[in-house]
Amino acid sequence: CSSDLSVQCVSLSRQPQRTARAAKGTMPSNPCKVGNLISYVGTVTSVLTFIMGIIHIYVKPPGFKLHFKSCDFTDTQYTTWVDCNSEWQNNWGLTAVPGWSPLFVGAFGAMMLRPGIMQVFGFPRTFTQYGFWLIFQAFFADFGYAGKIGVVTGWVAMITAAVSFVAAALGIKSTRMEELEAEDNFVPKDR
């Protein structure tokens, strides 16, 4: 941790550890704990992915144009009659999902640190799960978007995924993972 956080790190490390069941989500989040640092770096990549999604939609805004009068039931020289509203399909149909993926994947990933409404899912419970999530994020929402920003963010996510796998092998957990484990008596199977 940086020197600015050193006082906070020392004071938090001296506090008695409470069980998650007694505290019910009020455990102090020590920013110097290795598991929390890994989670923070992963969250930063997810926030950057979300921002890339906003940039992508700003640069390539979806269209709301539907053709009706110009659509006939005959083929034209340039297109078939069934493709008359392909612009709408490309903006709002399932073919549009790749264009929206950085926005949704980034928002979902950013909420993993303190999920609030997503608490029901309890994801990720281990750094193995988090590592696989970061690889998914890198391949499907980072590398192909926003040019070099996407490539750099994707590689940071991939490196963080590799660190997550090492952390899982060493039994390192974030504060949230410890809370989930204590609340549900969850025993991770990847150790």
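Okay, let's start with a helix pair: the axes of α5 and α6 come within 10 Å and cross at roughly 160°. An angle over 145 degrees counts as roughly antiparallel, so that is what we call α5 and α6. The crossing of α5 past α6 is left-handed. And who makes the contact? On the α5 side we have Ser 101, Pro 102, Val 105, Phe 108 and Gly 109, and on the α6 side Trp 133, Phe 136, Gln 137, Phe 140 and Ala 141. Keep in mind throughout that this is a predicted model.

Let me back up for the overall picture. The chain has 8 helices and 0 strands, so if you read along the sequence you just get α-α-α-α-α-α-α-α. There are 191 residues, and 35% of them are buried. If you take the contacts with a separation of 6 or more, 67% are between residues 24 or more positions apart.

Now, α5 has another partner, and that's α3. Helix α5 covers residues 97-110, and its axis comes within 7 Å of the α3 axis, with a crossing angle of roughly 150°. So α3 and α5 are roughly antiparallel too, and α3 passes α5 in a left-handed crossing. The contact list here is longish, so I'll just pick some: from α3 it includes Ser 46, Thr 49, Phe 50 and Gly 53, and from α5 it includes Pro 102, Gly 106, Gly 109 and Ala 110.

Let's zoom in on two of those α3 residues. First up, Thr 49, which sits in α3, residues 34-59. Is Thr 49 buried or exposed? Its relative accessible area is 0%, and the cut-off for buried is under 20%, so Thr 49 is buried. What does Thr 49 touch, once you drop residues up to four places away in sequence? The answer is Pro 102, Gly 106, Gln 137, Ala 141, Asp 142 and Thr 153. With Gln 137 there's a side-chain to side-chain polar contact of 3.3 Å. As for Ala 141, it is 92 residues from Thr 49 along the chain, yet the two C-alpha atoms are separated by 6.8 Å.

The other one is Ser 46, also in α3. Ser 46 is at 0% relative accessibility and counts as buried as well. Beyond its neighbours within four places in sequence, Ser 46 is in contact with Gly 106, Gly 109, Ala 110, Trp 133 and Gln 137. So Gln 137 is on the contact list of Thr 49 and on that of Ser 46, and Gln 137 is also part of the α5–α6 contact.

For contrast, look at Val 34 in α3. Val 34 comes out at 46% relative accessible area, so it's partly exposed. Its C-alpha is separated by 8.6 Å from that of Ala 167, which is 133 residues away along the chain.

Last topic, the core. How many residues make up the largest nonpolar core? It's 12, among them Ile 38, Val 105, Trp 133, Leu 134, Ala 141, Ala 161 and Ala 167. Two elements, α6 (127-142) and α7 (147-170), give two or more residues to this core, and the largest share, 5 residues, comes from α6. One core member to click on is Ala 161: leaving out residues up to four places away, Ala 161 touches Gly 131, Leu 134 and Ile 135.

That's my tour, thanks.

How values were computed. Residues numbered from 1 in each chain as written. Predicted model: local features only at pLDDT ≥ 70, side-chain atom pairs only at ≥ 80, totals over all residues. Heavy atoms only, no water. Helix = DSSP H or I, 4+ residues; strand = E, 2+ residues; numbered from the N terminus. Buried < 20%, exposed > 50% of the residue type's maximum accessible area, 1.4 Å probe, protein only. Contact = heavy atoms within 4.5 Å. Polar contact = N/O pair within 3.5 Å; in protein donor to acceptor, adjacent residues only side chain to side chain. Core = buried A, V, L, I, M, F, W, Y, C linked by side-chain atoms within 4.5 Å. Axes fitted to C-alpha atoms, helices over the stretch in contact; angles between N-to-C directions. Parallel < 35°, antiparallel > 145°, perpendicular 65-115°, else oblique. Left-handed = near helix turned anticlockwise from the far one by under 90°.
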